[in-house]
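The following paragraphs go through one protein model, from the whole chain down to single residues. Please keep the sequence and the structure in view while reading.

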Amino acid sequence: FRTAALPGSPPPGGAVGGEVTATGSGGASFTATFTYTAVDDARWYTTSTYPPSGPALGGTSVRLNVANVGLVLPSPDSLRATFGGVEGRVFSVLSSSESLAVVDVEAPPFPCPPGAPRCPVDGSLFLAGDPAVGVPFEFEYLASDPIVKSVSPAEVTEAGGDLLTISIANFPAVGSPDEVEVSFAGLQAPSHPLRVVFSDATETVLTVLSPPAPAGDLYTLVKPLFAPSR
């Protein structure tokens, strides 16, 4: 067998092309190509970041797949994460070995420049006791303000108690009703049975009971309770 590496020296985590050539006894030659991953034995690297973006209000759960770790990460407390220099929260180490770790991080609120619809930042995941041991990653904040996309049904009774479905965009992902406050023209909706139907970095859907209110148009305000209002 004869092997020959193809040109190129990618950074750690990059793909390297190669080929294997076999020559039979009759002189026939066969060639197969392959790729492998270049690894710096002293350096972590990310194989994926998902989702790659989230609202500037924060709250997006970001999953990092980190390779070439070199040690088993015992718990979220062993790690720290920053987004553009702002401290995030490492809340889960789903799996960890010396070769690969899967880590969940919550993106913090971030002050995007005024007027910028998006602002990319450099993130960093590293050991809590040694910032020199870690890995960079990329994340992009969406600076658009949260908006209520729809409220259904569009009309409710003055007595209140009608079940409403509210869809919101550019809102931080929430996991429970305790993380959200809903009000109508300053009248706070009953906290229960407020329910989070669906929530991720792109859309949040809630159901809530309407409060008693006089006839007329009511504006709807939905506010996350764990991030500052903008």
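How much area does the protein chain expose, and what share of it do carbon and sulfur atoms supply? The exposed area is about 12600 Å², and carbon and sulfur atoms supply 54% of it. The model is a predicted one. Of the 230 residues in the protein chain, 37% are buried. The secondary structure consists of 19 strands and zero helices. Taking contacts between residues at least 6 apart in sequence, 57% join residues at least 24 apart.

One of the sheets can be followed strand by strand. It is an open sheet of five strands with mixed pairing, in the order E5-E12-E11-E7-E8. Its edge strands are E5, residues 53-55, and E8, residues 86-87, each of which pairs on one side only. Starting from the E8 side, strand E7 (residues 79-83) runs antiparallel to E8 and is joined to E8 by two bridges. In this pairing Phe83 stands opposite Val86 of E8. E7 also pairs with E11, again in the antiparallel sense, over five bridges, and here Thr82 stands opposite Ser124 in E11.

The next pair in the order is E11 and E12. Ten bridges join these two strands, which run antiparallel, and Asp122 stands opposite Glu138 in E12. The connection between E11 and E12 is a hairpin through two residues. In general, strands of a sheet pair through backbone hydrogen bonds, in either a parallel or an antiparallel sense.

Strand E12 also takes part in the aromatic contacts. A search of the whole structure finds five aromatic pairs. One of them is Phe110 with Tyr141: the ring centres are 5.0 Å apart and the planes lie at 5°, so the pair counts as stacked. Phe110 is in the loop between strand E10 (100-106) and strand E11 (118-127), while Tyr141 is in strand E12 (residues 130-142); the two are 31 residues apart, and the pair links distant parts of the chain. Both Phe110 and Tyr141 are buried. Tyr141 has another ring partner, Phe139, with centres 5.1 Å apart; the planes are at 80°, so this pair is edge-to-face. Phe139 is buried as well. Phe83, Phe110, Phe137, Phe139 and Tyr141 together form one aromatic cluster.

Two members of that cluster, Phe83 and Tyr141, return in the nonpolar core. In soluble globular proteins, nonpolar side chains tend to be buried together. Here the largest nonpolar core has 27 residues, and those with the most contacts inside it are Leu73, Leu79, Phe83, Leu125 and Tyr141. Strands E6 (61-67), E7, E9 (89-96), E10, E11 and E12 each supply at least two residues of this core. Leu73 shows how separate parts of the sequence meet: leaving aside neighbours within four places in sequence, its contacts are Trp44, Ser78, Leu79, Val93, Ser96, Ala101, Val103 and Leu127. Another core lies apart from the largest one; it has twelve residues, among them Leu164, Ile166, Val180 and Leu194.

The structure also contains a cross-link. There is one disulfide, formed by Cys112 and Cys119, with their sulfur atoms 1.8 Å apart. Cys112 and Cys119 are both buried.

Two single residues complete the picture. Is Gly58 buried or exposed? Gly58 lies in the loop between E5 and E6. Its relative accessible area is 1%, so Gly58 is buried. The C-alpha atoms of Gly58 and Pro109 are separated by 3.9 Å, although the two residues are 51 residues apart along the chain.

Val133, in strand E12, is a case with a higher stated accessibility. Its relative accessibility is 26%, so Val133 counts as partly exposed; the range for that class runs from 20% to 50%. What does Val133 touch, not counting residues up to four places away in sequence? Its partners are Trp44, Phe126 and Leu127. Trp44 is 89 residues from Val133 along the chain, yet their C-alpha atoms are separated by 7.9 Å. Trp44 is also among the contacts of Leu73.

Definitions and conventions. Residues numbered from 1 in each chain as written. Predicted model: local features only at pLDDT ≥ 70, side-chain atom pairs only at ≥ 80, totals over all residues. Heavy atoms only, no water. Pairing = 2+ DSSP bridges. Helix = DSSP H or I, 4+ residues; strand = E, 2+ residues; numbered from the N terminus. Buried < 20%, exposed > 50% of the residue type's maximum accessible area, 1.4 Å probe, protein only. Contact = heavy atoms within 4.5 Å. Areas by Shrake-Rupley, 256 points an atom, 1.4 Å probe, with all protein chains shown as cover. Phe/Tyr/Trp six-rings, centres within 6.5 Å; stacked < 30°, edge-to-face > 60°. Disulfide = S-S within 2.5 Å. Core = buried A, V, L, I, M, F, W, Y, C linked by side-chain atoms within 4.5 Å.
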